[in-house]
Amino acid sequence: RAFITIGVCGTAFYCLALLLEYMEMKSATVILITIMIIGFIVYQTILDLTWNEYRNVDRQGINDEEETPVAKASPPIIGAMVIFVLGISWHIIAMAGAAGGQGALPVLCESFVNEGIWAPVSSCSEYQRGLDTREYHVAGYYRACDSSETMHWGWRKTRPNTRCRFRSRTVSDLQKKLAYRRIVFVGDLTVRNIFHAFCRSLGDPEAGRYDATIADHADISKQIGIVKLEYKWAPLAFDQVNKLKNLRSKGQKGGADLLIVGGGTLDRLHVWATDEDQESHKAAVQKLVKELDYATAPTVWCTPTTVNTPALLNDEKRNQMNEMAISEVRKMYQDLDVETTANFVLEGPAYSRGRVSESYDGMMYPHSVYDAGVQIIANALDWLIVPSADGEEDDEEPFHPPPVGQLSNPFLGLMMTCFSLIGLFFFDGYFGFSYLSSLFVRGDGLKSTKRRQMQNFMPNDLYDDAFVPFHQRLKLPLSKSDASSYRAKQQLTQSGRGRVQDIHLPQLAHDSDVLSLLDNDSLLGGGDRGSSRRGLGMMTRRK
């Protein structure tokens, strides 16, 4: 009967959950109201089934005046208040930023998304050594472990109430976010490397590989899945203005959903020698600001990365493109409102400062550096690209949830179900393992079969002795079998003084020990523990 009741209740709750999902009523308010209503119904059902038996139990000292409607209704009211207070508390905690989850980042995270550091991660940790041994059969390394650390980009810790939980966006995350969109990159070599890193983040591991047969100063167009990406070669500010004008002249049909623009490094080399060149470059930057302002799509401005001055290839570059000179270019673009006009700024020094020594020609960095820059942009997409007004993306691919059972382990689930059933129906809170102790606590040394049975400490045999006194003390109802069994033991114990010779010593000692632990020696017929011990001593002597 209990098993059927549990199964029916579980099925009913599951059907209720499906009904709420079908009616699109899965909200915290609906769930709270549903829990309260079900709690009232379950409480009233249990009350109707057990109230008469509860009144018939020996309830000395309990007045009928206490059986008022207020006494009956107070438990569910208190329970509803507790649930309500917990819900309000969780809501406040969630609004304060302590809730988990992978929700979209708010706009205020723009102030922190560029703040990070390249942290060393040991490649010779115990986990990595074990993985290398098992997967790649590596027995040793070519250098000491203390010097074989790799660098990984990580965001600095933010306050919880900002809800800025930056994380690495996977290929599926980016493909879902940029589905059916067109991303256009306009700029110099740094932007081209960002383009290749973007392709790698979308699932093209071969993007940006070293190939001398591919032209460096050429436009590139790719489509990865349902995402279109285009790169426009524009080394100087004047070139960037022309490319943006062409995109704008094509209208909505040829427009982009996201513009990523950058430059300034080659301008410092080619249009900075004379005052006339500098004025010309300044005018081009002002036009660039207007084009960024005219853009209908969100815009990202990429500032130049940190320059490794000693690695520059010739004296001209070391004089014109050193880090101090490039820092002047960054400041000029900032003063001319390029950064304030763009919707987001990817700060080149932020993700390259810790890897300057790895810049092999003074300007270019390893792929992992640009991958970190793309992850910064990927986190910024949460507020740069928002859903349409109707709450749905245009031509969005329908969501297909994983099949039922794909994320589960049937064997482990069946094992836990069996353990739970054993604990329920065999009265064992340790999932059946308490029965193992009965193999070691047995009365094999006793001659009488009846005495050996008395000494078998089985959990189901100890259930009455353990729980019936609590039920009586708390005035809780007892089942007929439990009451009759315990009453027989109680009568047998209370009559022990008159006819001790008919009672087996092991059984009486066992009952006395159990009831003494519950401070219920009065049930043995004595007023205190001393009388119980004296009675037991008298029986021992008579025996």
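# A walk through a six-stranded sheet

Visitor: Let's start with strand β7 (residues 299-302) and β8: how many bridges join them?
Guide: Happy to begin there, and keep in mind that this is a predicted model. Strands β7 and β8 run parallel. One pairing to look for is Trp301, whose bridge partner in β8 is Val345. In total, the number of bridges joining β7 to β8 is three.

Visitor: Which residue of β8 stands opposite Val300?
Guide: Val300 belongs to β7, and together with Cys302 this residue points the other way from Thr299 and Trp301. On one side, Val300 is the bridge partner of Ile260. Opposite Val300 in β8 stands Phe344.

Visitor: Are Thr299, Trp301, Val300 and Cys302 buried or exposed?
Guide: Here a cut-off helps: a residue counts as buried when its relative accessible area is under 20%. Thr299 and Trp301 point one way from β7, while Val300 and Cys302 point the other way. Whichever way they point, all of them are buried.

Visitor: How many bridges join β6 to β7?
Guide: Strand β6 covers residues 258-262, and β6 and β7 run parallel. Ile260 has its bridge partner, Val300, in β7. The number of bridges joining β6 to β7 is four.

Visitor: What is the order of the strands in the open sheet?
Guide: The sheet has six strands, and their pairing is mixed. Its edge strands are β4 and β8 (344-346), each of which pairs on one side only. Neighbouring strands are turned against each other by 15° on average, direction ignored. Read across, the order is β4-β5-β3-β6-β7-β8.

Visitor: Let's go to the other edge. How many bridges join β4 to β5?
Guide: Strand β4 takes in residues 220-224 and β5 residues 227-233, and the two run antiparallel. Lys222 has Leu229 of β5 as its bridge partner, and Ile220 stands opposite Tyr231. The number of bridges joining these strands is five.

Visitor: Which residue in the turn between β4 and β5 has a positive phi?
Guide: The two strands form a hairpin, with two residues between them. In that turn, look for a phi of about 70°. The residue with this positive phi is Gly225.

Visitor: Why is β5 described as largely enclosed by the rest of the structure?
Guide: On one side, β5 pairs with β4 through five bridges. Strand β3 (residues 182-187) pairs with β5 too, in the parallel sense over six bridges, and Phe185 has Tyr231 as its bridge partner in β5. The strand counts as largely enclosed because, of its seven residues, the number buried is six.

Visitor: Which helix lies across β6, β7 and β8?
Guide: Look for a helix that covers residues 367-384. Its direction is at about 170° to β8. That helix is α15.

Visitor: Is Asn343 buried, partly exposed or exposed?
Guide: Asn343 lies in the loop between α13 (338-341) and β8. Its relative accessible area is 40%. Buried residues are under 20% and exposed ones over 50%, so Asn343 is partly exposed.

Visitor: Which residue's backbone nitrogen does the side chain of Asn343 reach?
Guide: Leaving aside neighbours within four places in sequence, Asn343 is in contact with Glu110, Ala297, Pro298, Thr299 and Leu384. One of these, Leu384, is 41 residues away along the chain, yet the two C-alpha atoms are separated by 7.4 Å. The backbone nitrogen that the side chain reaches, at 2.8 Å, belongs to Thr299.

Visitor: Stepping back, what share of the residues in the protein is buried?
Guide: The protein has 21 helices and eight strands. It exposes about 33700 Å², with carbon and sulfur atoms supplying 58% of that area. Of the 543 residues, the buried share is 35%.

Visitor: What is the average pLDDT of the protein?
Guide: Confidence varies along the chain: 74% of the residues score at least 70, while residues 450-454 stay under 50. Over residues 497-543 the pLDDT is also below 50. For the protein, the average pLDDT is 77.

Key
Residues numbered from 1 in each chain as written. Predicted model: local features only at pLDDT ≥ 70, side-chain atom pairs only at ≥ 80, totals over all residues. Heavy atoms only, no water. pLDDT = per-residue confidence, 0-100. Contact = heavy atoms within 4.5 Å. Pairing = 2+ DSSP bridges. Axes fitted to C-alpha atoms, helices over the stretch in contact; angles between N-to-C directions. Buried < 20%, exposed > 50% of the residue type's maximum accessible area, 1.4 Å probe, protein only. Polar contact = N/O pair within 3.5 Å; in protein donor to acceptor, adjacent residues only side chain to side chain. Areas by Shrake-Rupley, 256 points an atom, 1.4 Å probe, with all protein chains shown as cover.
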